[in-house]
Amino acid sequence: MGPHPAVAEIRRAVRKVLRTRSQPRAAVYVACSGGADSLALAAATAFEARRVDVPYGLVSIDHGLHDRSAAQAARVASLGFELGFDPVQVLPVVVGRQGGPEAAARSARYDALRTLDTDVLLGHTLDDQAETVLLGLGRGSGPRSIAGMSEIDGRWLRPLLGVRRATTRAACAALGLVPWEDPANDDDRYQRVRLRHEVLPLLEDVLQGGVAEALARTASLVQADLTALDELAAAHTPLGAGLEVKLVAELPEALLIRVLRAWVSGAGGPALTSERTRALAALVTDWRGQDRIELTGGYAVRRRSGTLEIEAEPVEGNSDRRRRAEE
């Protein structure tokens, strides 16, 4: 008799990602909070990694956000040892305030996980993907914000993006694993909690079901489009500090924007805001003798003789110019 259907589904998802990552034989870590999603992921990873002789470890992040945080992280570590993980680590972090509590905790968590210097499996499910797409739609920051999370994103592996949250709970029950119920998951001060408990159920009711799957499918389709556009843009992006205008002047706007961002980044410049990107695009498509476009970090871009050039010299502020004028 085979495993419970929920257990089998999660094992298949983990097996697929372990096989398709760039280095299938390299070690992996599971980031586990003790919740149903990451606990089911940990159990499946221990089973699948052992079968293919891939080293596997487990890490629990102690965010320090409540009195029982350290005890919960220690409990997860104990479960990790019981499941056969080696090594097992608890990483305490300091959560700041920038971007709000959700963003600050996420930033601290990922900073800690980067110190592992290996592939990390994360327990995001299809339901998490649907919530991410809705958040992106609400922020209105373009297709990349509704592309959601990728199954394989460099060292971050998310095998469960096609698995429902109910399936991870069923898998834990079938395996006799008792998940931790994070009190933050019921705190309606957090946007995701309200999306989960208020917005998505209402959409499911109004649209007669299938909303979470449709949102996750949308993310997958947008990801495919973005990948194609990025690959096309890469073929038009030069190396170095100069970009000939005539080589990119006829590109569609979607490609031109990507070329400009990739060129600035490749030349060591900063990430571009939408406003700065539009200003740089105007140097190509609407040239009227504009002065150089100042970026952050002392970088600037100027058009000379049909070429955009990125400059790294410190840019004088208004007070510097005023002081020099007075001298």
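# Cysteines, aromatic pairs and selected residues

In this predicted model, the sulfur of C32 lies 8.8 Å from the closest cysteine sulfur, which belongs to C172, and that distance is too far for a bond. A disulfide is a covalent bond between the sulfur atoms of two cysteines, and the cut-off applied here is a sulfur pair within 2.5 Å. Seen from the other partner, C172 is likewise in no disulfide, the nearest cysteine sulfur being that of C32. A search of the whole structure finds 0 disulfides. Both cysteines are shielded: C32 counts as buried because its relative accessibility is 3%, and C172 counts as buried because its relative accessibility is 1%.

The overall frame may be set out next. The protein chain holds 13 helices and 10 strands, and its C-alpha trace spans about 80 × 45 × 45 Å along the principal axes. Of its 327 residues, 42% count as buried. Among contacts between residues at least 6 apart in sequence, 65% join residues at least 24 apart. One pair illustrates separation in sequence and in space together: A74 and R288 are 214 residues apart in sequence, and their C-alpha atoms are 63 Å apart. A74 lies in helix α3 and counts as partly exposed, because its relative accessibility is 44%.

The aromatic residues come next. A pair of aromatic rings is described by the distance of the centres and the angle of the planes. How many aromatic pairs does the structure hold? There are 2. In one of them, the ring centres of Y56 and F85 are 5.1 Å apart and the planes stand at 80°, so the arrangement is edge-to-face. Y56 lies in strand β2 (residues 56-62), whereas F85 lies in the loop between α3 (69-82) and β3 (88-92); the pair therefore ties together parts that are 29 residues apart in sequence. Y56 is buried, with a relative accessible area of 11%, and F85 is buried as well, with a relative accessible area of 2%.

The rings of Y110 and W156 form an edge-to-face pair too, because their centres are 5.0 Å apart and their planes are at 90°. This pair links distant parts of the chain, with Y110 in helix α4 (residues 101-114) and W156 in strand β6 (residues 156-157), 46 residues apart. Both Y110 and W156 are buried.

W156 also takes part in an arrangement with a charged group. The charged end of R155 sits over the ring of W156, 5.3 Å from the ring centre. Elsewhere, the charged end of R11 sits over the ring of F47, at 3.6 Å from the centre of that ring.

The surroundings of C32 can be revisited through S38. S38 is placed in helix α2 (residues 36-51) and counts as buried, because its relative accessibility is 7%. What does S38 touch, leaving aside residues up to four places away in sequence? Its contacts are V30, A31, C32 and S33; the buried cysteine C32 is thus among the residues that S38 touches. In addition, a polar atom of the S38 side chain lies 3.5 Å from the backbone nitrogen of G34.

A further polar arrangement involves R196, which is placed in helix α8 (residues 191-206). The side chain of R196 makes a polar contact with the side chain of E131, at 2.9 Å. Leaving aside residues up to four places away in sequence, R196 touches D128, E131, R165, N185 and P201. E131 is therefore a residue that R196 both touches and meets through a polar side-chain contact, given that N or O atoms within 3.5 Å count as such a pair.

Helix α11 offers a check of geometry. Its 14 residues (253-266) should span 20 Å at 1.5 Å a residue, and its end C-alpha atoms are 20 Å apart, so expectation and model agree. Which residues of α11 are buried? They are L255, L256, R258, V259, L260, W263 and V264. The helix is followed by G268, whose phi is positive, near 90°.

Definitions and conventions
Residues numbered from 1 in each chain as written. Predicted model: local features only at pLDDT ≥ 70, side-chain atom pairs only at ≥ 80, totals over all residues. Heavy atoms only, no water. Buried < 20%, exposed > 50% of the residue type's maximum accessible area, 1.4 Å probe, protein only. Helix = DSSP H or I, 4+ residues; strand = E, 2+ residues; numbered from the N terminus. Expected span 1.5 Å × (residues − 1). Phe/Tyr/Trp six-rings, centres within 6.5 Å; stacked < 30°, edge-to-face > 60°. Lys NZ or Arg CZ within 6 Å of the ring centre and 35° of its normal. Polar contact = N/O pair within 3.5 Å; in protein donor to acceptor, adjacent residues only side chain to side chain. Contact = heavy atoms within 4.5 Å.
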